[in-house]
Every structure is written in structure tokens, then in C-alpha cells.
Amino acid sequence: MNGTPARPDAALIAALEAAHYHPLWDRYKAITPMAPSAKDAPMHWRWRDFAPFTERAAREVPIEDVERRAIIMVNPAFGGATQTTANLLGAFTILNPGDRAVPHRHTASAIRFATRAEGAFTIVNGRRCAMREGDLVLTPPMCWHGHINLGQERTAWFDAANMPLVCGLDASFFEPGSRSEEAFWEVDEGDERLWAGAGMVAPAAVAAQAAAASGAHSPKYHYPGEVTRALLAAMPAAADGAKTLRYTNPVTGGAVMPSLDCYAQRLTRGAATQARRATWNAICLVVAGSGRSTVGDKTFNWEQHDVFTIPHWTWASHVAADADADLFIVTDRSVFELLGLVREEVR
Ligand SMILES: [Fe+2]
């Protein structure tokens, strides 16, 4: 006996458990936590540490033998699962000149953000999308996609996808395509041209998109970096010096995909952004410049093409060091929006 009196319902709880019931009164704190609590600590991957692995992968891994020559950033908090932060993966894909990454499609959502990818192209549903510096290319759910490097240099780009979310829901479907089907690669921009301009759409194209099963995601797949940079230069900064753009679906004005939501942010040199925390998760890619972020109890000093995470409900603030700096931020915010679970605090 330890001196603690047995609770009067102990026998009942044991009987309920044996019969595959749980009493709510015994465990409501576990069922309804007071606030979110991210499993993962914020994490930072430096490009300069990572670059040698891209060299090795390019030399040691023949593209013919693999689905994708991609290397995924993994937070050990997920117990060995291939996961970067809750719901999201971040990676870099490396292609040698002439390499083709075999076409396929899946229910997970993905994006590519071109860092050093001049000469590479991503083909999405029969549209050839260039990957010039700063270009964002969407590969929405069940859209056929493949990649090819037609240039003379090795290419690398940043990828993000939501396999952890989709697999957590056990809703992953995957269809392989054919590596040898030449017609897949022999396409031009195609209907991507219909979505090139802001403020003008073809009503017939909008109707076709609405009628298609794919109506939930953006009909525009390619967001040129040139346009992003011009908009960031033109727009006014918020009080904390940050300029934030959301990549949107031109038909709805909302997120580009129901379960991936992307942002571009320019930080003013020396001005720390107001600390904020939110219910969604974010992976940040440093597009240009250098600076420092405080995320939870970690401080990351970052440079171009570094990647770091902002796990959900974790305070984060950023400051650019020597000049203005640009971040690309991929999130699962739109999932929380659809579920009515968006909550954000600033301090
Ligand atoms: Fe894919």
C-alpha cells in the first residue's frame, strides 16, 4: 500500500477499459490539450553543409535507377520518419545535364522553388514550366509531372510537399508514368499562357477549371521569380519592415492549393519582424541575403539557400543582416483555413 486512497471509480475504469471503453472524466486533459504543442524543435539546415551531399548524389546516384534524385531534410523528433516538420517535407532535387526525373502523379501536393535550376524545366499536365531563379512551380494533386535538365550545368532546386499530412490521413495514391514516353517531354508552355497576366482571365478557362475535378487548386502552375521580385520592390513595408506576398489561385484569390500555401517575404535590413506564432507549420528557404531568426528558443544565423522550420505555435521573428533579405515560406496554412483552425498571435 502506498497510502494513496484508491479512487472510488477505479474498479469501474478497469472494467470499462477491459470492455474497450474509456471514461472521459479520467483523461479529458489528454483528449483536449489547452494549446498545441509541436513535437519538433525548430531546425536549421545550412546550404554550405548540404552542398557536398548534392555533389555526391549527382556523382553516385544514376537518375535511371531512382524515382527522384532528391534529398529530404529530416527532423529527428519524428522518430526516423521522413519528415521535416509537422505535415510537411522539404528537400532539394539535383539533376545533371540531360537527366530526366520520371513522370508520375499523386494525391499529395508539392511545389518547386528554383534556386540554381537555370536550364531545367518541370512539365505539369502538359505545360512546360521554366525554372529560372526564384520561379515557383506548383505540382498540384493528381497533376502529371516530370523534370528535365536541358542545360549544360547541374541544377538544384528546393522542393516541398505534404506527404506527411496525406499519409497521416492515409489518403495517398500514386501513379507512375512512363520514363520513355517522348511525347510527355515535347510540350511548350501551353495553357500556362492563359494565366500569365494579373487581373485578366479567360472566362472559358475559368469554367473549364471549375468543371474539372481539379477545381480546388490554382489553374496557374508557374509563378515567375521576376514578377515576385518586382512586386516585393513595389509594395510598401509593414511597420516591422516586412513585405509579405501570398501566392494565390487567380480564380479564387485564396491559397494556391487546399493543402499547401506559399508566401514570399522581404525583410528590411536591421529591422526585426514582430514576433508571431500560428497554428500552421512553415518551412523557410533563404532566397537571397543573410540574417538571423529566433524561432522558439533557437537562434539561426542563415545565408542564401539555407532552410529552417517554424513548427506550429512557436514564436518566430526574423531580421536581415547586411542588406534586405528574401525568404520563400511554404506552409500548411490553407489546411487550417479550411478546417476553421487558423489562429495567430503577435507580441
Ligand atoms: Fe511528385
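Strands here are DSSP runs of E with at least two residues, and helices are runs of H or I with at least four, both numbered from the N terminus. What you have is a predicted model, where local features need pLDDT of at least 70, side-chain atom pairs count only at pLDDT 80 or more, and totals for chains, interfaces and linings use all residues. Residues are numbered from 1 along each chain as its sequence is written.

**Confidence**
- The protein chain has an average pLDDT (the predictor's confidence in each residue, from 0 to 100) of 95, and 98% of the residues score at least 70.
- Confidence bottoms out in helix α6 (residues 203-211) with a mean of 87, while strand β19 (residues 307-310) takes the highest spot at 99.

**Helix α3**
- Helix α3 covers residues 47-60, and its end C-alpha atoms sit 20 Å apart, which agrees with the 20 Å expected for 14 residues at 1.5 Å a residue. That expected span is 1.5 Å times one less than the number of residues.
- The number of buried residues (20 or more other C-beta atoms within 10 Å of a residue's own; exposed is 12 or fewer, partly exposed in between, with C-beta atoms placed from the backbone) among the 14 in α3 is zero, so this helix lies largely in the open.

**Two asparagines with positive phi**
- Asn125 sits in the loop between β6 (120-124) and β7 (127-130), and its phi is near 45°, positive in a residue other than glycine.
- Asn125 is partly exposed, because 18 other C-beta atoms lie within 10 Å.
- Asn87 is in the loop between β2 (70-73) and β3 (89-95), with a positive phi near 75°, again in a non-glycine residue.
- Asn87 counts as buried, because it has 21 C-beta neighbours inside 10 Å.
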